[in-house]
Amino acid sequence: MKNEVHAVKHNYSKLFGAFSLTFLGDGLTLAAVPWLVSTLTTNTLYASITMTALRLPWLIFSLPVGVLIDRYSRKHMLVGASFTRMIFLLMLTICIWGGWISIPLLALFMFGIGLSRVVFDSTVQTIIPQIVEEKKLEKANGQFTAGQLITSDILGVALGGFIITMHIVYPFAIDTVTAVLSLLLIIGLRGSFRPTITKAAQAQETSEVASKQQTPQEENEQQARPMKNWKREMWLGIRYVFQDQFLRGLAILSVTITLMFSMILVTQIFFVREVLQLEAYAFGILISIATIGSILGSQAVASMRKRWSSKQLILLSILAMGLLYGAVGLTSNAYVVGGLYFCAAFFIVVYNVTRSSILQRSVPNELLGRVGSVFRFLSFGISAIGTLLGGLLVRVSETFFDRLFSLQLPYLLLSGVYIVACFLFASKMRNVPEQ
């Protein structure tokens with residue numbers, strides 16, 4: 001028993017360390033990329049192409065990756081993702097240092113890094129419930145979310161804004177080092193974390209298996225069987241989500257939330273520079289303030305869950321985000337925006353942690369990779385479209401309105417959509433039992 005407890009703590013520490021290092025480097029890179037783009041172009045549409053390339057892999061690879069996660073070693077998936085990320089970061093650093101970088105080349109590297117993120121993030125979410133008790137899922141998800149926010153949005157972004165002033169290549173070089181360290185930690189995980197496909201799961205996956213009596217030997221062969229039909233494997237995850245009314249509503253809501261949020265993210269750097277008139281270091285401070293709100297949200301969600309249901313937390317978070325971001329679109333005062341970002345970030349994390357815990361608690365582990373991939377496809381994947389639409393929205397709006405209002409418009413549009421989505425979800429899910 002002591003050995004098992006020690007192994008669990010060992011794996012949790014290693015996974016958390018690798019996760020935090022990855023997002024520390026991510027924060028540095030994501031802080032540096034917009035400023036790198038702004039030195040290459042002032043066209044918001046061109047800038048959106050770069051961020052679209054980072055999110056496009058979620059749209060293309062989320063579903064296939066979910067199948068892989070449910071059939072092969074999850075540790076090996078993490079190793080492959082971390083190694084891929086390391087290679088792309090190394091090549092990107094060399095190109096920036098040599099002065100060979102351009103918008104198309106940067107978009108190519110962002111696509112590769114985005115692909116590694118699809119595999120890494122998706123796999124981590126399926127390993128957490130394997131090393132954490134069900135009753136502690138909100139706490140564990142909150143800790144991982146806090147770790148991501150502290151390393152990425154506070155340390156990464158804040159340090160990135162400072163390091164950029166020395167040389168634009170330094171954030172990318174440091175990110176390469178964090179990728180190496182993260183890879184070493186993942187290699188040190190004990191066990192392969194290969195999901196066991198139970199007879200119940202097999203019965204759920206195919207009607208043939210459900211109606212056929214199998215011998216123990218046949219069951220073992222079935223468990224070891226590699227996937228043979230990609231379409232069927234992916235469809236099982238999709239069917240699981242859309243046959244459950246609550247998960248189906250949550251999936252549709254996720255599309256709406258991420259589509260609108262990605263529209264403001266891609267134009268945020270221009271909003272900060274032109275509407276708020278902030279420099280790089282001040283932008284880093286603004287994001288850090290928001291991140292403090294996120295950290296508080298990640299630590300508060302477990303306590304909030306004891307008082308409110310998951311459905312109530314989802315509705316509260318969406319409504320709050322809609323009102324707060326709408327207020328951002330109505331002001332050009334950096335101090336006010338900082339306070340609004342702080343509060344909005346709190347509810348962003350409450351929403352995300354609550355949604356993740358719902359999936360981890362209600363979905364069988366053998367299907368968690370595929371079901372999670374459906375949500376990532378619908379949310380992160382759709383963000384590739386959202387980033388493109390965000391840049392296009394500002395570009396088209398400039399033909400009718402001035403530049404400043406055009407940069408505020410995505411926030412106002414997000415506000416309206418979030419508020420409507422909140423009331424629609426509440427109406428449709430009123431009599432539906434939550435997970």
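In which helix is Asp 26 found? Asp 26 is found in helix α1, which covers residues 2–40. We will come back to this residue after a look at the whole protein.

## Getting your bearings

The structure is a predicted model, in which local features need pLDDT of at least 70 and side-chain atom pairs count only at pLDDT 80 or more, while totals for chains, interfaces and linings use all residues. Residues are numbered from 1 along each chain as its sequence is written, and side-chain values use heavy atoms, with hydrogens and water left out.

The protein has 17 helices and zero strands. Here helices (H or I, at least four residues) and strands (E, at least two) are DSSP runs, numbered from the N terminus.

Of the 435 residues, 55% count as buried. Buried means under 20% relative accessible area, exposed means over 50%, and partly exposed lies in between, with a 1.4 Å probe and protein chains only. The protein exposes about 18700 Å², and carbon and sulfur atoms supply 66% of that area. Accessible areas come from the Shrake-Rupley method with a 1.4 Å probe; for residues, only the protein chains shown count as cover.

A contact means heavy atoms within 4.5 Å. Among the contacts in the protein with a separation of 6 or more, 86% are between residues 24 or more positions apart.

## Two buried residues

Back to Asp 26 in α1. Asp 26 is buried, with a relative accessible area of 4%. Leaving aside neighbours within four places in sequence, Asp 26 is in contact with Arg 85, Arg 117, Ser 152 and Asp 175. With Arg 85 there is also a side-chain polar contact of 3.4 Å. A polar contact is a pair of N or O atoms within 3.5 Å; within protein, one must be able to donate a hydrogen and the other to accept it, and residues adjacent in sequence count only if both atoms are side-chain atoms.

Ser 406 sits in helix α17, residues 403–428. Its relative accessibility is 0%, so Ser 406 counts as buried. The side chains of Ser 406 and Ser 397 form a polar contact of 2.8 Å. Not counting residues up to four places away in sequence, Ser 406 touches Val 394, Ser 397, Glu 398 and Phe 401.

## Partly exposed residues in helices

The next four residues each have a partner elsewhere in the chain, listed here by C-alpha to C-alpha distance.

| Residue | Relative accessible area | Partner | Apart in sequence | C-alpha distance |
|---|---|---|---|---|
| Gln 125 | 23% | Phe 144 | 19 residues | 9.8 Å |
| Gln 148 | 28% | Thr 22 | 126 residues | 8.6 Å |
| Pro 64 | 23% | Val 119 | 55 residues | 9.9 Å |
| Asn 352 | 34% | Val 301 | 51 residues | 9.9 Å |

Gln 125 belongs to helix α4 (residues 103–131). Beyond residues up to four places away in sequence, Gln 125 touches Asn 141, Ser 356, Gln 360, Leu 368 and Arg 376. Gln 148 is in helix α5 (residues 137–164), and Pro 64 is in helix α2 (residues 44–69). Apart from neighbours within four places in sequence, Pro 64 is in contact with Trp 230 and Met 234. Asn 352 is part of helix α14.

## A loop residue with a positive phi

Where does Gln 277 lie? Gln 277 is in the loop between α11 (245–275) and α12. Gln 277 is exposed, with a relative accessible area of 63%. Gln 277 has a positive phi of about 55°, although it is not a glycine. Most residues other than glycine have a negative phi.

## The second largest pocket

On a 1 Å grid over the protein atoms alone, a pocket is an open set of points where a 1.4 Å probe fits, with protein on both sides within 12 Å along at least five of seven lines; lining residues have an atom within 4 Å of a point. The second largest pocket has a volume of about 200 Å³. The elements giving two or more residues to its lining are α12 (280–307) and α14 (334–362). A volume is the space filled by probe spheres set on the points, and grid points are joined across faces, edges and corners.

Which element gives the most to the lining of the second largest pocket? Helix α12 does, with five residues. The lining includes Leu 278, Tyr 281, Ile 285, Ala 334 and Gly 338. By type, the lining residues divide into eight nonpolar, two polar and no charged. In this scheme Ala, Val, Leu, Ile, Met, Phe, Trp, Tyr, Cys and Pro count as nonpolar, Asp, Glu, Lys and Arg as charged, and the others, Gly among them, as polar.
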